[in-house]
Amino acid sequence: MQNLDEHTITDEAIRRLEGCKDARFKEILTSLTRHLHAFAREVKLTEAEWMQGIEYLTAVGHKCDDKRQEFILLSDTLGLSMLVVALNNRKPAGCTEATVFGPFHTDKASDFKNGDDISGGAPGEPAFISGTVRAADGTPIANAVVDVWQADGDGIYDVQYTDKNGALFARGRLHTDAQGKYAFKSILPEFYSIPTDGPVGEWIRRAGRHPFRPAHLHFMIQAPGYEKLVTHVFRSDDKYLDSDAVFGVRSSLISDWVRKEPGTAPDGSRMDKPVYTLDFDFVLPREAH
Ligand code: BEZ
Ligand code: FE
């Protein structure tokens, strides 16, 4: 077709997908084409603005490497990651809600036993975290894999440091015991800034938004026969709970981290500083067959 104009080009671009054999790919491309064209029409996109957009996405790509995923950060800050989480994690009543995965998980974390200290000496206030993993009917889930990661007390993840020879800390993999219980020592999470030294930081500043995430601990929990859960537990006293930079807060995931004065810690050791305790249970839906 020739002489396409602003009114006819969208239908023609979609018609060209007719030969696509992969039905899902065709559905996604058709919708993407329709929405992208509608966006350009709605804002009356200028050629200079379009070129700026291309240059911006190029810069996002250039910022990515094996340690830094600027596209995930872009998706997170636009609210797209949390939208996809919400669409794909409608949990039955009583089950723990999911939230964003984020860019700082690694499969290389070490295995720990229940009760171990996973902090690896990371700066921060000592904290004892424990709870149970169970099914919606209350059955404890034994031997579930509980993968945990968090920023240190300075609000930085181990994988963000460039001067520590790749050392991992404040993360680890545990297994629930026969009663479905997990327990470990770590540090109290603090609010932190998402990385702002790249193109995402640039747009956040230009939009007048702040880059902070409320204090949280990441959990990924897996057990055969149950749906995988990717979630956080937030601190109830955080000032950013209502304005998380990546839209990830669910009120059901906010919990009190209880401050205990110096004395005997939950593991029986003597603590000369205050310690914090978190008791949080996770409920997993059974996997659909
Ligand atoms: C995180 O919680 O680790 C995170 C999530 C999204 C963007 C940046 C960090
Ligand atoms: Fe985080």
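**Exercise 1. Work out the strand order of the open five-stranded sheet in this predicted model, and find which strands stand at the edges.**

*Solution.* Start with the order: in this predicted model, the open sheet runs β3-β2-β7-β8-β9, and its pairing is mixed. Now look at the ends. β3 (171-175) and β9 (254-255) each have a single partner strand, so each keeps one side without a neighbour in the sheet. Next, zoom in on the β9 end. Strand β8 (residues 229-235) pairs with β9 in the parallel sense, over two bridges. To place that pairing on screen, find F234: I254 in β9 stands opposite.

**Exercise 2. List the residues around ligand 1 and sort them by class.**

*Solution.* First, collect the shell: L73, D76, G102, P103, F104, Y157, Y192, I194, R213, H216, H218 and V246. Then sort by class, which gives seven nonpolar, three polar and two charged residues. Finally, map the shell onto secondary structure: α4 (70-77) and β7 (216-222) each contribute at least two residues. So much for the shell; β7 is also a strand of the sheet from Exercise 1.

**Exercise 3. Which side chains have a polar atom at 3.2 Å, 2.7 Å and 2.9 Å from an oxygen atom of ligand 1, and is the ligand covered or uncovered by the protein?**

*Solution.* Take the distances one by one, with 3.5 Å as the cut-off for a polar contact. For Y192, an N or O atom of the side chain is 2.7 Å from a ligand oxygen. H218 brings a polar side-chain atom to 2.9 Å from a ligand oxygen, and Y157 has one at 3.2 Å. As for cover, ligand 1 has 270 Å² of accessible area on its own, and the protein covers 100% of that. Last step, the location: ligand 1 sits in the largest cavity.

Note on methods. Residues are numbered from 1 along each chain as its sequence is written. Chains are lettered from A and ligands numbered from 1 in the order in which they are written. This is a predicted model: local features need pLDDT of at least 70, side-chain atom pairs count only at pLDDT 80 or more; totals for chains, interfaces and linings use all residues. Side-chain values use heavy atoms; hydrogens and water are left out. A residue is near a molecule or strand if one of its heavy atoms lies within 4 Å of it. A polar contact is a pair of N or O atoms within 3.5 Å; within protein, one must be able to donate a hydrogen and the other to accept it, and residues adjacent in sequence count only if both atoms are side-chain atoms. Accessible areas come from the Shrake-Rupley method with a 1.4 Å probe; for residues, only the protein chains shown count as cover. On a 1 Å grid over the protein atoms alone, a cavity is a set of points where a 1.4 Å probe fits but cannot get out, and a pocket is an open set with protein on both sides within 12 Å along at least five of seven lines; lining residues have an atom within 4 Å of a point. A molecule sits in a cavity or pocket if more than half of its atoms lie within 2 Å of its grid points. Helices (H or I, at least four residues) and strands (E, at least two) are DSSP runs, numbered from the N terminus. Ala, Val, Leu, Ile, Met, Phe, Trp, Tyr, Cys and Pro count as nonpolar, Asp, Glu, Lys and Arg as charged, and the others, Gly among them, as polar. Two strands pair if DSSP finds at least two bridges between them.
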